[in-house]
Amino acid sequence: MGIHRLNHAVLYVSDLDRSVAFYRDVLGFRPIPMTPDGFRGAAFLQAPDSTNDHDLGLFELGAGAGRSAAGRSTVGLYHLAWEVDTLDELAATAERLAAAGALVGASDHGTTKSLYGQDPDGLEFEVVWLVPADLLDDAALTARKRIGRLDLDRERQRYGGQTRGGVGISVPA
């Protein structure tokens, strides 16, 4: 089986309109009109620069749904990770997440620079920039074995704010 990328994810949410607004307004996803006729309580969204049919499906459970207990008392998915092209985009995303009260962490994993957010239902996600293959050095590779504090300004000085991430890693060179 030759899997080469994640096509889409589907999440259960308590309030569909609230979740669509979050993913649209904070992360730039756009609603795609593909909900089957007569089907209520679902929305499909596409990431800003995606070529996928859709990247996210949201299915409403209603206000009585409890928050996910995955990782605390049940098994389940911890988070999804979406990749951005530049560190400037990562910094802008950090600002939007912070303004929405949804930024819950930021980490330097050496070869990846990561933000962690939570949607209105507390479902966690990651937004990541990958160091391009031609800029990987011993320091970045060694740092993969630890989780450090992310200093976006320092990383933009080191790699450049407009340097395209993931080239030679997740994006063909």
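Two strands are said to pair if DSSP finds at least two bridges between them, and this tour uses that idea at nearly every stop. The structure on your screen is a predicted model, so please read each feature below as part of a prediction.

**First stop: the five-stranded sheet**

Begin by selecting β6 and β9, where two bridges join strands that run antiparallel. Within this pairing, look for S107, which stands opposite R149 in β9. Now widen the selection to the whole sheet, an open one of five strands in the order β5-β8-β7-β6-β9, in which the pairing is mixed. Which strands stand at the edges? They are β5 (80–83) and β9 (148–149), and because each has a single partner strand, one side of each is left without a neighbour in the sheet.

Next, keep β6 (residues 103–108) in the selection and add β7 (residues 112–118), since these two strands run antiparallel and are joined by five bridges. You can follow the pairing by finding L103, which stands opposite G117 in β7, and then D108, which stands opposite K113 in β7. The hairpin of β6 and β7 has three residues between the strands, and in this hairpin G110 takes a positive phi near 80°.

**Second stop: the four-stranded sheet**

Move now to the other sheet, which is also open and is formed by four strands in the order β1-β4-β3-β2, again with mixed pairing. Here β1 (9–13) and β2 (30–32) stand at the edges, and since each has a single partner strand, one side of each is left without a neighbour in the sheet. If you turn the view slowly, you can look for the twist, which averages 35° from one strand to the next.

To see what "mixed" looks like in this sheet, select β1 and β4, which run parallel and are joined by five bridges; in β4, the bridge partner of V13 is E60. Then select β3 (residues 42–46) together with β4 (residues 56–60), which pair in the antiparallel sense over four bridges. In this second pairing, A42 stands opposite F59 in β4, while the bridge partner of A43 in β4 is L58. Add helix α1 (residues 16–25) to the view, and you will find that α1 packs on the sheet, touching β1, β2, β3 and β4, with its direction making about 155° with that of β4.

**Third stop: two helices side by side**

Select helix α2 (residues 87–99) and helix α4 (residues 152–159), which pack at an angle of about 165° with their axes 10 Å apart. Angles over 145 degrees count as roughly antiparallel, which is why α2 is described as roughly antiparallel to α4. The crossing in which α2 passes α4 is left-handed.

Which residues in α2 and α4 meet? Show the side chains of L87, D88, L90, A91 and A94 in α2, which meet L152, E155, R156 and Y159 in α4. Sorted by class, this contact of α2 with α4 has six nonpolar, no polar and three charged residues.

**Last stop: a salt bridge**

A search of the whole structure finds eleven salt bridges, and one of them can close the tour. Select D85 and R164, which form a salt bridge whose closest N and O atoms are 3.7 Å apart. This pair links distant parts of the chain, for D85 lies in the loop between β5 and α2, whereas R164 lies in the segment after α4, 79 residues apart.

Key: Residues numbered from 1 in each chain as written. Predicted model: local features only at pLDDT ≥ 70, side-chain atom pairs only at ≥ 80, totals over all residues. Heavy atoms only, no water. Axes fitted to C-alpha atoms, helices over the stretch in contact; angles between N-to-C directions. Parallel < 35°, antiparallel > 145°, perpendicular 65-115°, else oblique. Left-handed = near helix turned anticlockwise from the far one by under 90°. Contact = heavy atoms within 4.5 Å. Nonpolar A, V, L, I, M, F, W, Y, C, P; charged D, E, K, R; others polar. Salt bridge = Lys/Arg side-chain N within 4 Å of Asp/Glu carboxyl O.
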